[in-house]
Amino acid sequence: MRKEVGRALAAAGPVLTEAEAKALLARYGVARPAEALVTSVDEAAAAAAHIGGPVALKVQSPDITHKTEAGAVALGLSRDGAVREAYQRVVISAARAHPGASVHGVLVQAMAPPGREMILGITRDATFGPMLMVGLGGIHVEVFRDIVFAPVPIGPEEALSLLGELKGAALLDGVRGMPPADRTALAELMATLSRFAADHADLIEEIDLNPVIVHPQGQGLTVVDALLVKRKP
């Protein structure tokens, strides 16, 4: 597995889209939400019907790393007509925002159930090499920068300890009537991501899993978006 993923990563372009990054992470056991990569309006409508329930549409391009700002994302789509209209809209918006961008398709993805929003990723330190980063997502990371780091790889127990270092760690517990978040699932994802980064340290510059929605205890989590940037030769 490690060698196969390494060969696929080496053969990939300098930036891997969400669909590409998730495909490699899935080889390490990282679960993907119900989703499908499509290249036409009819395929988008069929994928949404197969998934059932509200879906998101996201343009997949290595040249568009900030999809929302480019208008290349549509959320909460349920009706066939809404999916078809949104497909055309996000493709047109992406082309306008980034003329000449290489578009690999549109990802049709089931909307994630509610949960705690986290940010998880890999950054590169000049001294220590790849570092696992985890923090509270949404306003917490934007305003308070509540994030912590650890050299890779780490195990699930170390990951749980790392979560305890967050200033807002109590938000993962049951507060204001909310059930506790699935810390075990989050710790397992952290450990798996850290092993992936350690195994392919020479090829990886950064990985962003943002957001990761952590559902109530025992219900796992959803990796909503992903981006992988390779090291320059």
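In the predicted model, the lining of the largest pocket draws at least two residues from each of E3, E4, E5, E6, helix H5 (139-144), strand E8 (147-151), strand E9 (204-214) and strand E11 (226-230). The volume of this pocket is about 960 Å³, and its lining comprises 36 residues, with Lys67, Thr68, Asn210, Pro211 and Asp225 lying nearest the centre. When the lining of the largest pocket is divided by class, 18 residues are nonpolar, 9 are polar and 9 are charged.

Three of the contributing strands, E3, E4 and E5, also belong to an open sheet of 4 strands, in which the order is E2-E5-E3-E4 and the pairing is antiparallel. Strand E2 (35-38) and E4 each have a single partner strand and therefore stand at the edges, with one side of each left without a neighbour in the sheet. From one strand to the next, the twist averages 20 degrees.

Within this sheet, strand E3 (residues 55-60) pairs with strand E5 (residues 105-110) in the antiparallel sense over 6 bridges, and 3 bridges join E3 to strand E4 (residues 73-77), again in an antiparallel arrangement. Valine 55 takes part in both pairings, since its bridge partner in E5 is alanine 110, while leucine 77 stands opposite valine 55 in E4. A further position in the pairing of E3 with E4 is that of lysine 58, whose bridge partner in E4 is valine 73. Strand E3 is mostly covered, with 6 of its 6 residues buried, and this applies to both of its faces: Val55, Leu57 and Val59 are buried on one side, as are Ala56, Lys58 and Gln60 on the other. Lysine 58 is thus a buried residue of E3 that is also matched with valine 73 across the pairing with E4.

Strand E6 (residues 116-125), which includes aspartate 125, is another of the elements that supply at least two residues of the pocket lining. Aspartate 125 has a relative accessibility of 29% and so counts as partly exposed. A polar atom of the side chain of aspartate 125 lies 2.8 Å from the backbone nitrogen of threonine 127, and the side chain of aspartate 125 also reaches the backbone nitrogen of phenylalanine 128, likewise at 2.8 Å. Aspartate 125 and proline 151 are 26 residues apart along the chain, and their C-alpha atoms are separated by 9.0 Å.

Conventions. Residues are numbered from 1 along each chain as its sequence is written. This is a predicted model: local features need pLDDT of at least 70, side-chain atom pairs count only at pLDDT 80 or more; totals for chains, interfaces and linings use all residues. Side-chain values use heavy atoms; hydrogens and water are left out. Buried means under 20% relative accessible area, exposed over 50%, partly exposed in between (1.4 Å probe, protein chains only). Two strands pair if DSSP finds at least two bridges between them. A polar contact is a pair of N or O atoms within 3.5 Å; within protein, one must be able to donate a hydrogen and the other to accept it, and residues adjacent in sequence count only if both atoms are side-chain atoms. On a 1 Å grid over the protein atoms alone, a cavity is a set of points where a 1.4 Å probe fits but cannot get out, and a pocket is an open set with protein on both sides within 12 Å along at least five of seven lines; lining residues have an atom within 4 Å of a point. Grid points are joined across faces, edges and corners, and a volume is the space filled by probe spheres set on the points. Ala, Val, Leu, Ile, Met, Phe, Trp, Tyr, Cys and Pro count as nonpolar, Asp, Glu, Lys and Arg as charged, and the others, Gly among them, as polar. Axes are lines fitted to C-alpha atoms, for helices over the stretch in contact, and angles run from 0 to 180 degrees between N-to-C directions.
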